Amino acid sequence: MNNVMEKGVLTMESGFLSVSKESAKSAAYVASAEGLSLAFGGQTILHDISFSIKSGKAVLLRGDNGSGKSTLLNILSGFLRPDKGRVS
């Protein structure tokens, strides 16, 4: 099983978080990330993650153990820095 988060845009639709291959469109966002990638010890944890969270929306981050959820949250909080990409 591949536990690496792959390239895509996270969006909230009908109460569920979905990943699409589209680029994020500009709107009123409270958080966004573009092209996030991170590796530890030669193992890729996140690869080219992009998403935007619109103001007033609830978001669920769900995935298998070791899929990069905590790593993504640590990057968003500023605890970790990505190897590539940006958070705003």
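V87 is partly exposed, with a relative accessible area of 36%; partly exposed covers the range between buried (under 20% relative accessible area) and exposed (over 50%), using a 1.4 Å probe and protein chains only. This residue belongs to strand β5 (residues 84-87). The model is predicted, so local features need pLDDT of at least 70 and side-chain atom pairs count only at pLDDT 80 or more, while totals for chains, interfaces and linings use all residues. Residues are numbered from 1 along each chain as its sequence is written, and side-chain values use heavy atoms, leaving out hydrogens and water.

**Overall layout**
- The protein has one helix and five strands; helices (H or I, at least four residues) and strands (E, at least two) are DSSP runs, numbered from the N terminus.
- Starting at the N terminus, the order of the elements is β-β-β-β-α-β.
- Of the 88 residues in the protein, 26% are buried.
- Among contacts with a separation of 6 or more, 59% join residues 24 or more positions apart; a contact means heavy atoms within 4.5 Å.

**Surface**
- The accessible surface of the protein is about 6100 Å², and 52% of it belongs to carbon and sulfur atoms; such areas come from the Shrake-Rupley method with a 1.4 Å probe, and for residues only the protein chains shown count as cover.
- V87 joins L73 and L76 in a nonpolar surface patch, and together they have about 220 Å² of accessible area.
- Patch residues have over 30% relative accessible area and no salt bridge, with nonpolar side chains (Val, Leu, Ile, Met, Phe, Trp, Tyr) joined within 5 Å and like charges within 9 Å; a salt bridge is a side-chain nitrogen of Lys or Arg within 4 Å of a carboxyl oxygen of Asp or Glu.

**Helix α1**
- In helix α1 (residues 69-77), the buried residues are T71, L72 and I75.
- These residues sit on the same side of α1, because they cover an arc of only 100° around the axis; the arc is that of the directions from the helix axis to the C-beta atoms.
- The cover over the buried residues of α1 includes β3 (29-40), β4 and β5.
- On the face turned away from the buried side, α1 carries the exposed residues S70 and S77.
- G78, just after α1, has a positive phi of about 90°.

**S50 in strand β4**
- S50 is part of strand β4 (residues 43-54).
- With 16% relative accessibility, S50 counts as buried.
- The side chain of S50 reaches the backbone nitrogen of G35 at 2.9 Å.

How values were computed. Polar contact = N/O pair within 3.5 Å; in protein donor to acceptor, adjacent residues only side chain to side chain.
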